[in-house]
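Good morning, and thank you for making time for this presentation. Please bring up the sequence and the structure so that we may go through them together.

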Amino acid sequence: MKAFLAPIHGYSDFAFRMLCQEYGAQAACIPLVSSTSVLRDISKLKRIDAHPQEKNLGIQLFGISPEELGRATALLDETFPFVSWFNLNCGCPSERITECGAGSAMMTEPELVGQSVRSMKNATSRKVSVKLRISGRQGETLELCRAVQGCAGVRRRLRNCPCKNHWAGIPGQRGLGNHQNH
Ligand SMILES: Cc1cc2nc3c(=O)[nH]c(=O)nc-3n(C[C@H](O)[C@H](O)[C@H](O)COP(=O)(O)O)c2cc1C
């Protein structure tokens, strides 16, 4: 089984990623960065601390404009030739992210998610994946999976989004409280 270090904002920096790699992590990801800030001034983004020594490293983006996400991917592609893949965050429940329509707020916008992934894919020859949550409405999850068909991978978070009671009506599923659901 492959061990994958999940992106943890504020924790999974270069030192932590290298340590996890030493202990067996086969892939790691730089936590979410907004496509707008990448385009504003990439040199100021200390959080993108990618290092050529890292293997199978990804960079996670969030944003709501497919065009901007594509341009940000192209810039990252050019700046970090040793990065292996890019990821679109469609799972973050933080209000700071969802209030602008990004992160888990995109779960209800399969068309936008599909366009964003296509735009990112067109901007790079490297792999593009998506991280999303399972919605309590099965149809919604399936629609999202269809929208991102063709991307390198879908990382599902087996948790619902705390903003909504997605699990209502699904037998045996209660959903998690905010403190459990990161
Ligand atoms: C403090 C904190 C920061 C996180 N930052 C991110 C992030 O930047 N991007 C992301 O996709 N997930 C983020 N997550 C979610 C984790 O990557 C992971 O999906 C979550 O802890 C649940 O683990 P699971 O995969 O076992 O369900 C964060 C979680 C925590 C607790």
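**Strands, a helix and a loop**

I begin with strand β2, residues 27-34, where 7 of the 8 residues are buried, so the strand is largely enclosed by the rest of the structure. I should say at once that this is a predicted model.

Which strands does β2 join? On one side of the account there is β1, which runs parallel to β2 and is joined to it by 2 bridges. In this pairing, Phe-4 stands opposite Ala-27 of β2. Together with α1, these two strands make a β-α-β unit, and that unit is right-handed. From β2 the chain then crosses through α2 to β3, in a β-α-β crossover that is right-handed. The strands β2 and β3 are also parallel, with 5 bridges between them. Here Val-33 is the residue that stands opposite Leu-61 in β3.

Let me now place these elements in the whole chain. The protein has 6 helices and 6 strands. Read from the N terminus, their order is β-α-β-α-β-α-β-α-α-β-α-β. Of the 182 residues, 35% are buried. If we take the contacts between residues at least 6 apart in sequence, 65% of them join residues at least 24 apart.

I turn next to helix α3, residues 66-79. What span should we expect of its 14 residues? At 1.5 Å a residue the expected value is 20 Å, and the end C-alpha atoms are 20 Å apart, which agrees. The buried residues of this helix are Pro-66, Leu-69, Gly-70, Ala-72, Thr-73 and Leu-76. Viewed down the axis of α3, they fall within an arc of 165°, so they line one face of the helix. Glu-67 and Glu-78, on the other side of α3, are exposed. And what covers the buried residues of α3? The cover includes α2 (35-41), β3 (57-62), β4 (85-90) and α5 (110-123). Two of these names, α2 and β3, we have already met in the crossover from β2.

My final item is a loop residue, Asp-13, which lies between β1 (4-5) and α1 (14-22). Is Asp-13 buried, exposed or partly exposed? Asp-13 has 14 C-beta neighbours inside 10 Å and therefore counts as partly exposed. From Asp-13 to Arg-47 the separation is 34 residues in sequence, while in space their C-alpha atoms are 7.6 Å apart.

That concludes my presentation. Thank you for your attention.

Notes. Residues numbered from 1 in each chain as written. Predicted model: local features only at pLDDT ≥ 70, side-chain atom pairs only at ≥ 80, totals over all residues. Helix = DSSP H or I, 4+ residues; strand = E, 2+ residues; numbered from the N terminus. Expected span 1.5 Å × (residues − 1). Buried ≥ 20, exposed ≤ 12 C-beta atoms within 10 Å, placed from the backbone. Arc of directions from axis to C-beta. Contact = placed C-beta atoms within 7 Å. Pairing = 2+ DSSP bridges. Right-handed = clockwise from strand over helix to strand, strands pointing away.
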